[in-house]
Amino acid sequence: MNSIELEAFVATQVSARRLAHSRSTAMQAASLVRRFSRAHDAEDAHVVGIWHDVAREWKDERLLSYCLEHGIAMEPEEAQEPMLLHGAVGAHLLAVATGSHHAEWELAIRWHTLGSQEMGPLGAALYIADYLEPLRTHLDTAQKEFILALGSMEAMCLHIVRSQQDYLRRKGKPIAATTVALGLFLGEGGKFVP
């Protein structure tokens, strides 16, 4: 299955609004990959950007049962808030749809919700792009430009992790251990490696 076929499939699974977000995320991720990653190309970014929300509109029960049925590991926070499982489910669905494993694509999609130091540079590009793609309205233009002006994807991810942690604390929601670990890793100068 090539990227055009993957996008056509995603279009059958999500609303027009979600598809527009996925396309915008793909374009933003491609821009980040061109700027920062020698290990990946725009095609990699397009695939993960288009595919990342393929299961986002599934109901909680369906996401949970899919993970249980297929032995997909869940973080405690994902089990408590199953909507977060759409990344794990999407990664598994990609392997099923393509009939092969693309570890870097799957890790990027798997961790785009919570973040992980295991997500690699392609995952970092997706994590950032999903947060600030042009159609997103939770940030103003100046905030998006500030993040994009940071000198590395690690610095951008760290800024996003800290922003999300502040938001979750204000809402009284738990912060996933993998997100905390990512923040510590990046705060100590960790680098994403392919």
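Okay, let's start with one term: when I say buried, I mean a residue with under 20% relative accessible area, and exposed means over 50%, with partly exposed in between. Take Tyr 66 as a trial run: its relative accessibility is 12%, so Tyr 66 counts as buried. Keep in mind throughout that what you're looking at is a predicted model.

Now the overall picture. What does the protein have in the way of helices and strands? The count is eleven helices and zero strands. If you read along the sequence, the pattern is just α-α-α-α-α-α-α-α-α-α-α.

What about overall size? The C-alpha atoms fill a box of roughly 35 × 35 × 30 Å along the principal axes. A compact globule with 194 residues would have a radius of gyration near 16 Å, and the protein has 16 Å, so the two agree. Buried residues make up 51% of the 194 residues. The accessible surface comes to about 9,500 Å², and 54% of that belongs to carbon and sulfur atoms. And here's one on how the chain meets itself: of the contacts with a separation of 6 or more, 65% are between residues 24 or more positions apart.

Let's go inside. In soluble globular proteins, nonpolar side chains tend to be buried together. Here, the largest nonpolar core has 54 residues. Which of them touch the most other members? Those are Trp 51, Val 89, Leu 93, Met 119, Ile 128 and Cys 157. The helix that gives the most to this core is α8, residues 120-132, with nine residues.

Have a look at Cys 157 from that list. Setting aside residues up to four places away in sequence, Cys 157 touches Met 119, Ala 124, Tyr 127, Ile 128, Leu 186 and Phe 192. So you can see two other names from the list, Met 119 and Ile 128, among the residues that Cys 157 touches.

Next, the aromatic rings. How many aromatic pairs are there? The count comes to three. Let me show you two of them, starting with Phe 9 and Trp 51. Why is this pair stacked? The ring centres are 5.6 Å apart, and the planes are at 20°, while stacked calls for planes under 30 degrees apart. This pair also links distant parts of the chain, since Phe 9 is in helix α1 (residues 3-13) and Trp 51 is in helix α3 (residues 42-51), 42 residues apart. Are the two partners buried or exposed? Phe 9 is partly exposed, at 32% relative accessibility, whereas Trp 51 is buried, at 0%.

The other pair is Trp 58 with Tyr 66, and this one is edge-to-face: 5.6 Å centre to centre, with 70° between the planes. Tyr 66 we've already met as a buried residue, and Trp 58 is buried as well, at 11% relative accessibility. Trp 58 has another visitor too: the charged end of Arg 62 sits over its ring, 3.6 Å from the centre. You'll find a similar arrangement at Trp 111, where the charged end of Arg 110 sits over the ring, 4.1 Å from its centre.

Now stay around Trp 58 for a moment and find Gln 13, in helix α1. Apart from neighbours within four places in sequence, Gln 13 is in contact with Val 54, Glu 57 and Trp 58. Gln 13 is partly exposed, with a relative accessible area of 30%. Glu 57 is partly exposed too, at 36%. How far apart are the C-alpha atoms of Glu 57 and Gln 13? They're separated by 8.0 Å, although the residues are 44 apart along the chain. Glu 57 also contacts Val 14, Ser 15 and Arg 18. Now go from Gln 13 to Ser 37: that's 24 residues along the chain, and the C-alpha atoms are separated by 30 Å.

Last stop, helix α2, residues 16-36, with two residues to find. Thr 25 lies in this helix and is buried, with a relative accessible area of 0%. Beyond its close sequence neighbours, within four places, Thr 25 is in contact with Gly 49, His 52, Leu 126, Ala 129, Asp 130 and Glu 133. Met 27 lies in α2 as well, but Met 27 counts as exposed, at 59% relative accessibility. Its C-alpha is 8.4 Å from that of Ala 42, 15 residues away in sequence.

Note on methods. Residues are numbered from 1 along each chain as its sequence is written. This is a predicted model: local features need pLDDT of at least 70, side-chain atom pairs count only at pLDDT 80 or more; totals for chains, interfaces and linings use all residues. Side-chain values use heavy atoms; hydrogens and water are left out. Rings of Phe, Tyr and Trp (its six-membered ring) pair if their centres lie within 6.5 Å; planes under 30 degrees apart count as stacked, over 60 as edge-to-face and the rest as tilted. Helices (H or I, at least four residues) and strands (E, at least two) are DSSP runs, numbered from the N terminus. Buried means under 20% relative accessible area, exposed over 50%, partly exposed in between (1.4 Å probe, protein chains only). A charge sits over a ring if NZ of Lys or CZ of Arg is within 6 Å of the ring centre and within 35 degrees of the ring normal. A nonpolar core is a set of buried Ala, Val, Leu, Ile, Met, Phe, Trp, Tyr and Cys residues joined through side-chain atoms within 4.5 Å. Contact means heavy atoms within 4.5 Å. The radius of gyration is taken over C-alpha atoms; the globule rule is 2.2 Å times the number of residues to the power 0.38. Accessible areas come from the Shrake-Rupley method with a 1.4 Å probe; for residues, only the protein chains shown count as cover.
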